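Subject: Handing over the structure

Dear colleague,

I am passing on the structure below, together with some notes on what turned up when I went through it. Please read the notes with the structure open beside them.

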Amino acid sequence: MDANIDMNSENLTQGDSEFDYEKFEQEENALKGKNSTGKAEKTADGKPDKPAKSSEMYDWLQCLVSALLFCVIVFSFFLRIIGVIGTSMIPTFHDSDRVLISNLFYEPKNGDVVVLRKESFMEEPIIKRVIATEGQTVEIDFEQGIVYVDGTALVEPYVASPTNNQLDFAGKVTVPENCVFVLGDNRNGSHDSRKAALGCVDERYIIGKVLLRVVPLNKFGVVD
């Protein structure tokens, strides 16, 4: 009885040693649509099987949809492209220029170029430069064309000409809390905080800070 058991055990062992693992792996891969190299099986004309091709197309489509969704989210909540209308920011910007703006974590600072919208002043968004922020005092010498902030004359290489056009501005102005005082770089051709209808602008009207000029392409770049 024991001898028979030993012989059967020996036969099982020999059977295991003769098992063709390579053939087994090929059969398994064939069932999965792959050859022994792990690549998709090809048809007689050398083209991949349809399931593998469809899977690759699905992956590309998924990547494309994800990229488009990312762009939509970014440009809806963080970045916007705005067209410049008019000549109030010459020579810095011209009519039909297009700029990239953002309001992400933005706090106004002196010298920033911003896009704002106050419908009671103008229905379309306007682009201006922040001259002073809350608590600062603005005074303008229209004879000399010099703008003073807290008693210090501003150095303004970006303006088209000295500030000689008074508009509605009279005397010193202290900027209220959470507001800014803005001027156009084309000082004598801009309606800005010198106009009573606009005055000091509530920061909530600011759509965003200008980061880049994107059009025209030959002037593409960061805005100072």
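How many bridges pair strand 11 with strand 12 (residues 221–222), and in which sense do the two strands run? They pair in the antiparallel sense, over two bridges, and together they form a hairpin with five residues between them. In strand 12, Gly221 is the bridge partner of Arg213, a residue that returns further down. Before going on, please keep in mind that this is a predicted model.

Overall architecture

The protein has 224 residues, of which buried residues make up 30%, and its secondary structure comprises three helices and 12 strands. Among contacts with a separation of 6 or more, 57% are between residues that are 24 or more positions apart.

Strand 11 and its other partners

Besides the hairpin, strand 11 has pairings with strands from earlier in the numbering. With strand 2 the pairing is antiparallel and runs over five bridges, and Leu100 has Leu212 of strand 11 as its bridge partner. With strand 3 (residues 113–116) the sense is again antiparallel, here over three bridges, one of the bridge partners being Ile206 in strand 11, which faces Leu116 in that bridge.

The four-stranded sheet

Separately, there is an open sheet of four strands in the order 7-6-5-8, with antiparallel pairing. Strand 7 (152–153) and strand 8 (173–174) are at its edges and have a single partner strand each, so that one side of each of them is left without a neighbour in the sheet. Within this sheet, strand 5 (residues 137–141) and strand 6 (residues 146–149) are joined over four antiparallel bridges, and Asp141 has Ile146, in strand 6, as its bridge partner. The loop between strand 5 and strand 6 holds Glu143, which is exposed, with a relative accessible area of 76%. Although Glu143 and Pro162 are 19 residues apart in sequence, their C-alpha atoms are 9.2 Å apart in space.

Salt bridges

A search of the whole structure gives eight salt bridges, and I describe some of them here, since they join separate parts of the chain.

The pair Asp97 and Arg213 has its closest N and O atoms 3.1 Å apart. Asp97 is in the loop between strand 1 and strand 2 (98–102), while Arg213 is in strand 11 (residues 206–215), so that the pair links parts of the chain 116 residues apart. Asp97 has a relative accessible area of 6% and is therefore buried, and Arg213, at 13%, is buried as well.

In the salt bridge between Asp185 and Arg129, the closest N and O atoms are 2.8 Å apart. This pair also links distant parts of the chain, 56 residues apart, with Asp185 in the loop between strand 9 and strand 10 and Arg129 in strand 4; both residues are buried.

Arg187 and Glu156 meet through their side chains in a salt bridge of 2.6 Å, N to O. Because Arg187 lies in the loop between strand 9 and strand 10 and Glu156 in the loop between strand 7 and strand 8, this pair ties together parts that are 31 residues apart in sequence. Arg187 counts as buried at 0% relative accessibility, and Glu156 counts as buried at 14%.

Asn186

Which loop contains Asn186? Asn186 is found between strand 9 (179–183) and strand 10 (201–202), and with a relative accessible area of 15% it is buried. If its neighbours within four places in sequence are left aside, Asn186 is in contact with Thr87, Ser88, Met89, Ile90 and Ala160.

The largest pocket

The volume of the largest pocket is about 220 Å³. It is lined by 16 residues, and Ile85, Ser88, Met122, Pro125 and Ile126 are the closest to its centre. Strand 1 (79–83) and strand 4 (126–133) are the elements that give two or more residues to the lining, and strand 4 supplies the largest share, three residues. By class, the lining consists of nine nonpolar, five polar and two charged residues. One link to the paragraph above is Ser88, which is among the residues closest to the centre of this pocket and is also in contact with Asn186.

With best regards

Conventions:
Residues numbered from 1 in each chain as written. Predicted model: local features only at pLDDT ≥ 70, side-chain atom pairs only at ≥ 80, totals over all residues. Heavy atoms only, no water. 1 Å grid on protein atoms, 1.4 Å probe; cavity = no way out; pocket = protein on both sides within 12 Å on 5 of 7 lines; lining within 4 Å. Points joined across faces, edges and corners; volume = space filled by probe spheres on them. Nonpolar A, V, L, I, M, F, W, Y, C, P; charged D, E, K, R; others polar. Pairing = 2+ DSSP bridges. Buried < 20%, exposed > 50% of the residue type's maximum accessible area, 1.4 Å probe, protein only. Contact = heavy atoms within 4.5 Å. Salt bridge = Lys/Arg side-chain N within 4 Å of Asp/Glu carboxyl O.
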